[in-house]
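Please look at the structure shown below and read the report alongside it. The model is a predicted one, and the account begins with a single helix before turning to other parts of the chain.

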Amino acid sequence: MANLTPFPELSYRQQELYIEDVSLSDLAQVYGTPLYVYSYSALSKAYREFSAAFASRDTMICYAVKANGNLSLLRELAILGAGFDIVSAGELKRVLNAGGDPQKVVFSGVGKSKEEIIFALKANIFCFNIESEAELYRIHECASELNMHANVSFRVNPDVDPKTHPYISTGLKNSKFGVPFDTAIDLYTKASQLDHILIKGIDCHIGSQITDLNPFIEALERILELIDELKRLGITISHLDLGGGLGITYKDETPISLTAYAEALLSRLHGFSGKLIFEPGRRIIGNSGLLLTKIEFLKHSPEHQFAIVDAAMNDLVRPSLYDAWHEIIEVKHHSNPASYQFDVVGPVCETGDILGSRRQLSAEPGDLLAILSTGAYGAAMSSNYNARSRASEVLVYKDQHYLISQRESFDDLIQRELTDFLTQPALSKS
Ligand code: LLP
């Protein structure tokens, strides 16, 4: 039987998989599949664990909206007290729409447009995390046009290796993100001379799905060096943002415990009395969600047995894109569990449409499977490839379930497309 330790809200009851007190088979019946299912208890527990670890300090936990920007989830997090890390005006609109406090919003991202900056200034966000010199001048220009002041922080690359997947390592010297460590002092000096810029903070984000504490410590130590040097130059930093990146268990990883993380950081922060900011995404929502899917067919080739399911890479792209592992488990245990190694694949016309390879399952057509740890970067990265509708999403709390996003209809898929013109009228008449 699968190890459910990383998912405290999942349990088998009479051979049936439950999330909190709701049976997943029931959810499939009510809402259909594929279906994203989230546990409110897991989500709130993960958030509270994070904030409790830093309770001794003035801390803002800015949930990274990119991990999963569903409005209901954002609203629940806002109620729990979360701030938000955004990377686009769209994400800011989501936060505002969900009732998030703009004074708890930090705006990251390497390519903020003028329109986005103006929108964020007018919304009165907490801080811009600047990622280049050109962006500093653009923000200054926007703020001066509005006759406002922009609160800023520079995202500095501490050049430490987070030892994670290259696609999600962001703090190295050659990364497109952040500003090089060696240029930071010069940039802060330049920023301090701009009338419409208020220097507030310093930040870094070294990567994602990090399970080793040392890169975080190294990054902090480098950033603290900068804070000291800035102080000598008369530039005061009032907040320190250490980004997100804490990993979770997908397969057999041991995640960093939040108490160890907090202890390691706080013990080095005696000399800094400002506000602390964190931008966790995956750690909050990753293991709070799963993707429920139904087996359409079993198919055998000489070397593979395929379980063809109704979810696909358009619903969950992480396995195809990063070769990421997600645990896949049966929703119902069979009484006579003859099991085989299956490649669990979707209906999309790509050989890479694989959700899991060589999984030991006892599976029959019509059976439901749960693809675990898909709360973060699952629904958020889903698409309409192959004209497939994006899946519904449901939030479960105890024995209640709430639809928080509806499966797209065909009309939703085509509503942006315009067909009221003809390039070849004659042809169309013939
Ligand atoms: N802050 C910044 C500036 C970020 O770029 C990110 C993630 C986060 C916070 C949140 O990181 P987290 O705590 O979730 O690791 N699609 C990839 C992950 C991309 C992460 C991008 N940046 C995946 O599915 O693994």
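## Helix α5 and its surroundings

In this predicted model, helix α5 spans residues 114-123, and its buried residues are Glu116, Ile117, Ala120, Leu121 and Ala123. Viewed down the axis of α5, these buried residues fall within an arc of 165 degrees, so they line one face of the helix. The underlying regularity is a general one: an α-helix has 3.6 residues a turn, so residues three or four places apart point the same way. On the other side of α5, Glu115 and Lys122 are exposed.

The partners of the buried residues of α5 include both helices and strands: they pack against α4 (89-97) and α6 (133-145), and also against β7 (105-107), β8 (127-130) and β9 (150-157). Just after α5 comes Asn124, which takes a positive phi of about 65 degrees.

## Aromatic pairs

The structure holds 13 aromatic pairs. In one of them, the ring centres of Phe154 and Tyr188 lie 4.8 Å apart while the planes stand at 70 degrees, so the pair is edge-to-face. This pair links distant parts of the chain, since Phe154 belongs to strand β9 and Tyr188 to helix α7 (residues 184-192), with their positions 34 residues apart in the numbering. Both Phe154 and Tyr188 are buried.

A further pair is formed by Phe216 and Tyr261, whose ring centres are 5.2 Å apart and whose planes are at 80 degrees, so this pair too is edge-to-face. It likewise links distant parts of the chain, for Phe216 lies in helix α8 (residues 213-232) and Tyr261 in helix α9 (residues 258-266), and the two are 45 residues apart. Phe216 has a relative accessible area of 4% and is therefore buried, the cut-off for that term being under 20%; Tyr261, at 1% relative accessibility, counts as buried as well. Phe216 and Tyr261 also belong to one aromatic cluster, which they form together with Phe50, Phe54 and Phe278.

## The hairpin of β1 and β2

Strand β1 (residues 10-13) has two faces, a covered one with Leu10 and Tyr12 and an uncovered one with Ser11 and Arg13. It is joined by 4 bridges to strand β2 (residues 16-19), and the two strands run antiparallel. Tyr12, on the covered face of β1, has Leu17 of β2 as its bridge partner. The hairpin has 2 residues between the strands, and within this hairpin Gln14 takes a positive phi near 45 degrees.

## The chain as a whole

The protein chain contains 13 helices and 21 strands. For 430 residues, a compact globule would be expected to have a radius of gyration near 22 Å, and the 24 Å of the protein chain agrees with this. Taken along the principal axes, the box filled by the C-alpha atoms is roughly 70 × 70 × 40 Å.

Of the 430 residues, 55% count as buried. Among the contacts in the protein chain with a separation of 6 or more, 70% are between residues 24 or more positions apart. The protein chain exposes about 19400 Å², and carbon and sulfur atoms supply 50% of that area.

Terms used:
Residues numbered from 1 in each chain as written. Predicted model: local features only at pLDDT ≥ 70, side-chain atom pairs only at ≥ 80, totals over all residues. Heavy atoms only, no water. Buried < 20%, exposed > 50% of the residue type's maximum accessible area, 1.4 Å probe, protein only. Pairing = 2+ DSSP bridges. Arc of directions from axis to C-beta. Contact = heavy atoms within 4.5 Å. Rg over C-alpha atoms; globule rule 2.2 N^0.38 Å. Areas by Shrake-Rupley, 256 points an atom, 1.4 Å probe, with all protein chains shown as cover. Phe/Tyr/Trp six-rings, centres within 6.5 Å; stacked < 30°, edge-to-face > 60°.
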